[in-house]
Amino acid sequence: MEKINFNGRVAIVTGAGQGIGRMYALELGRRGAKVVVNDLGVSRDGSGADSSAADKVVEEIVKAGGQAVANYDSVATMAGGKNIVGTAVDTYGKVDILINNAGIVRDKSFMKMTEEEWDLVINVHLKGAFCVTQPAVRAMKENGYGRIIFTASTSGLYGNFGQTNYGAAKLGLVGIMNTLKLEVSKYDIKINTIAPTAWSRMTTDIFPPEFEDKMNPQFNEPMALYLCSQENRATGQIYAMGAGWYGRTTIVSGDGLCLGNAKRAISVEEIRDNFEKISDVENKREHESALGIFEYMGPLLS
Ligand code: NAI
C-alpha cells in the first residue's frame with residue numbers, strides 16, 4: 001500500500017505549540033507538508049502569550065528535515081485569522097489544509113459562570129474557527145482544493161459537568177461544518193469535525209495518572225491526517241477518538257409520526273398521547289442537509 005504523503009501541500013495547524021496540535025504539525029512536516037505552526041502561547045485558561053511555543057515546534061520540524069514557519073496570532077480575531085492564512089500564502093503560496101485546533105478552557109458550573117468566562121471560550125473556539133476558516137476557504141477556492149478539520153469535543157456532543165461554555169462552542173463547530181460543507185463542496189473542499197481525547201495540560205487534572213501513556217495525544221493524529229489527505233472522500237462527518245479507538249458520531253432523526261393532515265390544528269394532548277412514538281429513534285436516519293427533514297412530513301408530500 002502506498003504511504004500517504006503531503007508533498008507539495010501547505011497546512012495550517014492552529015494551537016500547534018503543544019499537546020494534540022503539535023502532533024499534527026510534526027507528522028504533517030514528516031510527511032512532506034509545509035506547515036504553518038500557529039500558537040499564541042497562552043496558558044490553559046487563555047491568559048498570557050509566549051511565542052516560544054510555536055518556535056519550538058517549527059524547530060523540531062526543521063530539524064527532522066521538514067519545512068515550517070511560525071505564526072503567533074490569536075485565532076480569536078478576524079485580523080489574527082487573516083494573518084495566519086496570510087503567513088501560509090506569503091510564505092508558501094497557498095493553503096491546502098487547515099486544522100482548527102487552538103483551544104482554552106474556563107470551566108465553571110453554569111450558575112456560577114461569568115460573562116467573561118463565556119465570551120473567552122466562545123471567542124477562541126467558535127469565533128476563532130470562523131476567523132481562520134473564512135480566509136482559508138477563500139484561498140482554497142482559488143485552487144479548487146481544501147481539507148479542513150474542526151476540533152469539537154465529547155463535552156459538546158454529549159455534555160460534561162462545568163463546561164456549558166466550552167460545550168456550546170464545540171457543538172457550534174458542528175453547526176458551522178454542516179452548512180459550510182454544502183457551500184464549498186463543489187471546490188473539492190472536505191470539512192470534518194473531530195472530537196479528540198488526550199492527555200494534555202487540558203486534562204491532566206481530570207484523568208488519572210495511568211492515562212498519561214494510554215491517552216497519548218499521538219493517537220489523535222492519524223485520524224486527523226487521514227481526513228486531511230487527498231484520498232479522503234468523507235465530508236461533513238464527526239469522528240470521536242482516544243487511546244487508539246476511532247468511531248463516527250452522528251445526528252439522526254427517528255421516523256416520528258404525522259398527526260393530522262396539515263389541514264387541522266394539533267392539540268397538546270395529541271403530543272402527550274403519542275410522545276413515545278415521537279421520541280422513538282429505533283428506526284433512525286441521517287440527513288445531508290436541513291431539507292432531509294421534509295421527507296417525514298407526509299401531508300406536505302401528498
Ligand atoms: P493544549 O492546551 O495542550 O493546546 C492548545 C494550544 O492552543 C495551546 O498551545 C495554546 O497556546 C493554543 N491557543 C489557545 N488559544 C489560542 C488562540 N486564541 N490562538 C492561537 N493559539 C491558541 O490543549 P490540547 O489538549 O492539545 O487541545 C487541542 C484541542 O483539542 C483544543 O481545541 C481542545 O479543546 C480539544 N480537545 C482536547 C481534548 C483533550 O482530551 N485534550 C478533548 C476534547 C477536545
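**Entry 1: D96 and its partner**

I started at D96, which counts as buried at 1% relative accessibility. Worth writing down straight away: this is a predicted model. D96 pairs with K94 in a salt bridge, and I get 3.1 Å between the closest N and O atoms. K94 itself comes out partly exposed, with a relative accessible area of 24%.

**Entry 2: other salt bridges**

How many salt bridges are there by this rule? The count comes to 16. Side chains of opposite charge can pair when their charged atoms come close. I looked up a few of them.

R31 and E27 form one, with the closest N and O atoms 2.7 Å apart. On the R31 side I find 23% relative accessibility, so R31 is partly exposed. E27 is buried, at 11% relative accessible area.

E295 and R285 also meet through their side chains, at 2.9 Å from N to O. What does this pair tie together? R285 sits in strand β10 (284-285) and E295 in the loop between β10 and α11 (298-301), so the bridge links parts that are 10 residues apart in sequence. E295 is partly exposed with a relative accessible area of 46%, and R285 is also partly exposed, at 34%.

Then there is a network: R147, D188, K190 and R233 are joined by salt bridges that share partners. I kept D188 in mind for later.

**Entry 3: K181, a lysine without a salt bridge**

Next I went to helix α6, where K181 has its place. K181 is buried but has no salt bridge. Which side chain of opposite charge is nearest to K181? I found E288, 5.8 Å away. A salt bridge needs the nitrogen within 4 Å of a carboxyl oxygen, so I don't count that pair. The K181 side chain does reach the backbone oxygen of E288, though, at 2.8 Å. Skipping neighbours within four places in sequence, I listed the contacts of K181 as I191, T235, G236 and E288.

**Entry 4: the cores**

In soluble globular proteins, nonpolar side chains tend to be buried together. Here the largest nonpolar core has 37 residues, and I12, I148, F150 and I191 have the most contacts inside it. Which elements give two or more residues to this core? My list reads β1 (10-13), α3 (78-92), α4 (115-143), β5 (146-151), α6 (164-184), β6 (189-195) and β7 (238-242). Of these, α4 supplies the largest share, eight residues.

I then opened up the surroundings of F150. Leaving aside neighbours within four places in sequence, F150 touches N100, A129, T133, L173, I176, M177, L180, I191, N192, T193 and I194. A second, separate core has 31 residues, including I97, I149, M223 and M241.

**Entry 5: G146 in β5**

G146 lies in strand β5. Is G146 buried or exposed? Buried, with a relative accessible area of 0%. Not counting neighbours within four places in sequence, G146 is in contact with D96, M140, D188, I189 and K190. That brings me back to D96 from the first entry, and to D188 and K190 from the network. I also checked G146 against L157: they are 11 residues apart in sequence, and their C-alpha atoms are 25 Å apart in space.

**Entry 6: positive phi**

Most residues other than glycine have a negative phi, and most peptide bonds are trans. I noted two residues with a positive value.

D188 is not a glycine, yet its phi is about 55 degrees. D188 is placed in the loop between α6 and β6, and at 22% relative accessibility it counts as partly exposed.

A262 has a phi near 65 degrees, also positive in a residue other than glycine. Where is A262 found? I located it in the loop between β9 (253-254) and α9 (268-273). A262 is exposed, at 63% relative accessibility.

**Entry 7: around the ligand**

Last stop was the ligand. I have 30 residues around it, and D39, N101, Y166, S200 and R201 come nearest. I went through some backbone contacts with ligand oxygen atoms. A backbone N or O atom of N101 is 2.7 Å from a ligand oxygen. For I20, a backbone N or O atom lies 2.8 Å from an oxygen atom of the ligand. A polar backbone atom of V42 is 3.1 Å from a ligand oxygen.

Terms used
Residues are numbered from 1 along each chain as its sequence is written. This is a predicted model: local features need pLDDT of at least 70, side-chain atom pairs count only at pLDDT 80 or more; totals for chains, interfaces and linings use all residues. Side-chain values use heavy atoms; hydrogens and water are left out. A nonpolar core is a set of buried Ala, Val, Leu, Ile, Met, Phe, Trp, Tyr and Cys residues joined through side-chain atoms within 4.5 Å. Buried means under 20% relative accessible area, exposed over 50%, partly exposed in between (1.4 Å probe, protein chains only). Helices (H or I, at least four residues) and strands (E, at least two) are DSSP runs, numbered from the N terminus. Contact means heavy atoms within 4.5 Å. Lys and Arg count as positive and Asp and Glu as negative; His and the chain ends are not counted. A polar contact is a pair of N or O atoms within 3.5 Å; within protein, one must be able to donate a hydrogen and the other to accept it, and residues adjacent in sequence count only if both atoms are side-chain atoms. A residue is near a molecule or strand if one of its heavy atoms lies within 4 Å of it.
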